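Dear colleague,

I am handing over the structure we spoke about, with the sequence alongside. Please keep it open while you read the notes below.

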Amino acid sequence: MSVPNSVPNSVPAPQPLDSLFPAPAQGQHASGVHAPPPAAAVTSGPPTAGSIAAADAVGTTAVDPFLPPSPGSQPQPQAPLSSLVARDISAWFGTHQVLDRVSLEMAAGEVTALIGPSGCGKSTFLRILNRMHELVPSAGLAGEVELDGEDIYERSRKLTDARKHIGMVFQKPNPFPAMSIYDNVVAGLKLTGVKAGKETKDELVQRCLTSAGLWNEVKDRLRSPGGGLSGGQQQRLCIARSLAVRPRVLLMDEPCSALDPTSTRVIEETIKELRQEVTIVIVTHNMQQAARVSQRCAFFLASQGTPGVIVEHGDTDAMFGEPRDQRTHDYVNGRFG
Ligand SMILES: Nc1ncnc2c1ncn2[C@@H]1O[C@H](COP(=O)(O)OP(=O)(O)OP(=O)(O)O)[C@@H](O)[C@H]1O
């Protein structure tokens, strides 16, 4: 990232993102220092037509991966899975620093779980990974984020490109309630400007709903409203919607926090399957969930008003079985947080 190379080593100064990045589309910005997150980040209430783009992390430019191959062409091999690397990430809201030089590698084809007590900066870190943080007017940022070695904050890159390649699923399911299940899945395509025929869309809907573990439950009612599904089904519909633009990484911010234990287990099974096709980073407060679904874990902590840091990260089994740091041991065993 060009800007954050000015990452401070001593006393960091917050950098106003407004001057560093292209302004987001009109209507995405809230105003005021402590403004609420942008519409897309608001997790309750029905989404608006304008919010889905950010909610599902899609952009406005796209190479159409879904159109049928030209006659005589070979079938495309599955794209290799992507890795995401965050280096020396510091973040501010106004003058309040919430992350301090956090570095983490999120390996291709793995589920990385971000754990830690409330307020230690996990969601902020997650939003930095697909450039949603900068939609908050008071937000400041330093550090680097690379997707497969490419700087997602590089000046010439469109903000929306990062969101297209790096999708996001939020705490509360936010499908378009009145829109059909089918149209919910293809909504992302329209927003990326992709034109596809009925056959291609049919194939896409089946593929994404299957990947999201929902196909068998809805295949006979694809024209029913998305809002008529259960909470867990709606969340899987949102996962399917995110997958429709073929993200290289899927970010999940407590995707099961609004769900009952049965729906939670179904989503967890979906996550386990999905890692075959997309790299996943998940924020969770549920330690059992982190242990069940992730291969690697990062423990965030912000002690006594200091900015959040990663205390320890590594193999999930080791983090839970033999943590190196006493604070990790205490947290994963429920002694605080
Ligand atoms: N839009 C915002 N404006 C100002 N401060 C914010 C904003 N969003 C988050 N913060 C602050 O940033 C810090 C980190 O918040 P964040 O939501 O990233 O933590 P978290 O670890 O994800 O918490 P939780 O587990 O409760 O969701 C907190 O002190 C929070 O109050």
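What follows is a description of what was found, beginning with the annotated span and ending with the ligand.

Please bear in mind throughout that this is a predicted model. An unreviewed UniProt entry carries the annotation "domain: ABC transporter" for residues 84-332; in the model, that span is 37% helix and 26% strand, and its end C-alpha atoms lie 25 Å apart.

Strand β1, residues 84-93, belongs to an open sheet of four strands, whose order is β2-β1-β4-β5 and whose pairing is antiparallel. The edges of this sheet are β2 (96-106) and β5 (150-151), and because each has a single partner strand, one side of each is left without a neighbour in the sheet. Between β1 and β2 there are seven bridges in the antiparallel sense, and if you want a place to look for this pairing, A91 has L99 in β2 as its bridge partner. As a reminder, strands of a sheet pair through backbone hydrogen bonds, in either a parallel or an antiparallel manner.

Strand β8, residues 279-283, deserves a separate look. Is this strand enclosed by the rest of the structure or not, and why? Five of its five residues are buried, where buried means that 20 or more other C-beta atoms lie within 10 Å of a residue's own, and so β8 is largely enclosed by the rest of the structure. The burial holds for both directions in which its residues point, since T279, V281 and V283 point one way and I280 and I282 the other way, and all are buried.

The strands paired with β8 include β3 (residues 111-115), which runs parallel to β8 and is joined to it by four bridges, with A113 standing opposite I282. Strand β7 (residues 249-253) also runs parallel to β8, here with five bridges, and D253 has V283 in β8 as its bridge partner. Together with helix α8 (residues 261-274), β7 and β8 make a right-handed β-α-β unit.

Turning to the ligand, the model places 13 residues around it, and the closest are F93, S118, K122, S123 and T124. Which helix gives the most to this shell? That is helix α2, residues 122-129, which contributes three residues. By character, the shell divides into seven polar residues, five nonpolar and one charged.

With best wishes

Note on methods: Residues are numbered from 1 along each chain as its sequence is written. This is a predicted model: local features need pLDDT of at least 70, side-chain atom pairs count only at pLDDT 80 or more; totals for chains, interfaces and linings use all residues. A residue is near a molecule or strand if its C-beta atom, placed from the backbone, lies within 6 Å of it. Helices (H or I, at least four residues) and strands (E, at least two) are DSSP runs, numbered from the N terminus. Ala, Val, Leu, Ile, Met, Phe, Trp, Tyr, Cys and Pro count as nonpolar, Asp, Glu, Lys and Arg as charged, and the others, Gly among them, as polar. A residue is buried if 20 or more other C-beta atoms lie within 10 Å of its own, exposed if 12 or fewer, and partly exposed in between; C-beta atoms are placed from the backbone. Two strands pair if DSSP finds at least two bridges between them. A crossover is right-handed if, with the strands pointing away from the viewer, the path from the first strand over the helix to the second runs clockwise. UniProt positions are given in the numbering used here, feature names are shortened, and annotations may be inferred rather than shown by experiment.
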